[in-house]
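Me: Please go through one part of this model closely, and then place it within the whole. A connected account would suit me better than a list.

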Amino acid sequence: MLPPWDPGLQNERTGLAWQRTLLSGLGISLLVARFVASLSLALAIAVGVAAVLGTAVLGWLAILRFRATHDALHAERPVGDARAPLLITVLTLMTGIGALLYVLVE
Amino acid sequence: MSDPPTPSPRDRRWPRSVYGIGSEPDPRFSFANERTFLAWIRTGLGFLAAGVAIATVASFTDQLRLEVRLAAILLILCGMGCAVDGITRWIRNERAMRLGEPLHSSPLILVLTIGVVLVALVAFVVVSYA
């Protein structure tokens with residue numbers, strides 16, 4: 001693998017930001033799953049499994065994105081894309097809707 | 001200084017409303033913009049966690065009271081606002097950088113501050129009259 005593109009390790013730091021964001025998402029999702037368990041155990045398990053699998057898939061996508069960006073930087077091709085940010089935004093909003101339902105039903 | 005907006009036909013980056021205009025900025029600025037977006041997402045997730053947590057903790061001992069429920073809803077709405085504003089801000093800033101314009105500001109910080117103050121007032125009332 002080629003060395004880091006710049007001494008500021010911009011791509012590496014951005015990759016780590018994706019990792020900690022996904023971990024935050026996993027944390028809140030499991031928290032919601034734990035609280036939902038008081039309403040329905042089956043629903044809680046479904047939320048928990050979806051959270052773990054979803055985080056695994058997104059983590060893999062984040063690694064692929066990091067590598068693609070790394071290659072693009074070294075090849076002096078333009079970088080960036082908003083599909084992954086849009087996906088994260090939609091998932092956060094879906095978590096928010098789930099949280100709202102929980103608070104309204106509780 | 002600025003190249004004409006002639007995107008390569010092989011440029012499949014999305015959305016075209018961002019990548020189809022202006023000239024390529026220094027990638028380091030785009031990375032910083034993306035990390036700021038991710039920081040807003042984490043802030044939003046924190047708000048969501050806080051909203052769910054206070055509703056749950058309050059329901060341990062008692063029926064969920066109206067003011068606590070409203071505070072929880074307010075926190076969750078703040079969290080969802082962070083997510084929406086995060087990506088909107090990312091798009092506007094990326095466009096501004098490509099066009100060489102100043103970066104935009106957002107009223108969200110004021111809204112969040114008001115939201116947190118309202119929730120703190122509810123917490124103060126609940127704790128004082130518990």
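Reply: A helix here is a DSSP run of H or I with at least four residues, and helices are numbered from the N terminus. On that basis G48(A) sits in helix α2 of chain A. The model is predicted, and what follows describes that prediction.

G48(A) has 18 other C-beta atoms within 10 Å. A residue needs 20 or more such neighbours to be buried and 12 or fewer to be exposed, so G48(A) is classed as partly exposed. Beyond the neighbours within four places in sequence, G48(A) is in contact with L30(A) and A33(A). S29(A) lies 19 residues away from G48(A) in sequence, with 6.9 Å between their C-alpha atoms.

The helix that holds G48(A) also contributes to a core that spans both chains. The largest nonpolar core has 40 residues. From chain A, α1 (10-36), α2 (41-74) and α3 (83-105) each supply at least two of its residues, as do α2 (27-61) and α3 (66-99) of chain B. The largest share, 12 residues, comes from α2(B). Among the residues with the most contacts inside the core are V32(A), L48(B), V52(B) and I76(B). I76(B) shows how the chains mix: leaving aside neighbours within four places in sequence, I76(B) touches G96(A), A99(A), L100(A) and V103(A) from chain A, and F47(B), L48(B) and G51(B) from chain B.

Next comes the contact between the chains. It takes 35 residues from chain A and 37 residues from chain B. On the chain A side, α1 and α3 are the elements that give two or more residues. That side divides into 18 nonpolar, 12 polar and 5 charged residues.

Helix α3(A) packs against two helices of chain B. The axes of α3(A) and α2(B) come within 10 Å and cross at roughly 10 degrees. Angles under 35 degrees count as roughly parallel, and α3(A) and α2(B) are therefore roughly parallel to each other. Their contact includes P85(A), I88(A), T92(A) and Y102(A) on one side, and F37(B), I41(B), L45(B) and A55(B) on the other. By class, this contact has 11 nonpolar, 5 polar and no charged residues.

With α3(B), the axes are 10 Å apart and the angle is about 170 degrees. This makes α3(A) roughly antiparallel to α3(B), since angles over 145 degrees are placed in that class. Residues of α3(A) in this contact include L86(A), T89(A), L93(A) and L100(A), while those of α3(B) include R69(B), I73(B), M80(B) and W90(B). The classes here are 13 nonpolar, 5 polar and 1 charged. P85(A) and T92(A) take part in the contact with α2(B) and also in the contact with α3(B).

As for the partner chain as a whole, chain B has 4 helices and 0 strands, in the order α-α-α-α from the N terminus on. The C-alpha atoms of chain B fill a box of roughly 65 × 25 × 20 Å along the principal axes. The radius of gyration of chain B is 20 Å, against near 14 Å for a compact globule of 130 residues. Of the 130 residues of chain B, 32% count as buried. Among contacts in chain B with a separation of 6 or more, 65% join residues 24 or more positions apart.

Notes: Residues are numbered from 1 along each chain as its sequence is written. Chains are lettered from A and ligands numbered from 1 in the order in which they are written. This is a predicted model: local features need pLDDT of at least 70, side-chain atom pairs count only at pLDDT 80 or more; totals for chains, interfaces and linings use all residues. A nonpolar core is a set of buried Ala, Val, Leu, Ile, Met, Phe, Trp, Tyr and Cys residues joined through C-beta atoms within 7 Å. Two residues are in contact if their C-beta atoms, placed from the backbone, lie within 7 Å. The radius of gyration is taken over C-alpha atoms; the globule rule is 2.2 Å times the number of residues to the power 0.38. Ala, Val, Leu, Ile, Met, Phe, Trp, Tyr, Cys and Pro count as nonpolar, Asp, Glu, Lys and Arg as charged, and the others, Gly among them, as polar. Axes are lines fitted to C-alpha atoms, for helices over the stretch in contact, and angles run from 0 to 180 degrees between N-to-C directions. Angles under 35 degrees count as roughly parallel, over 145 as roughly antiparallel, 65 to 115 as roughly perpendicular and the rest as oblique.
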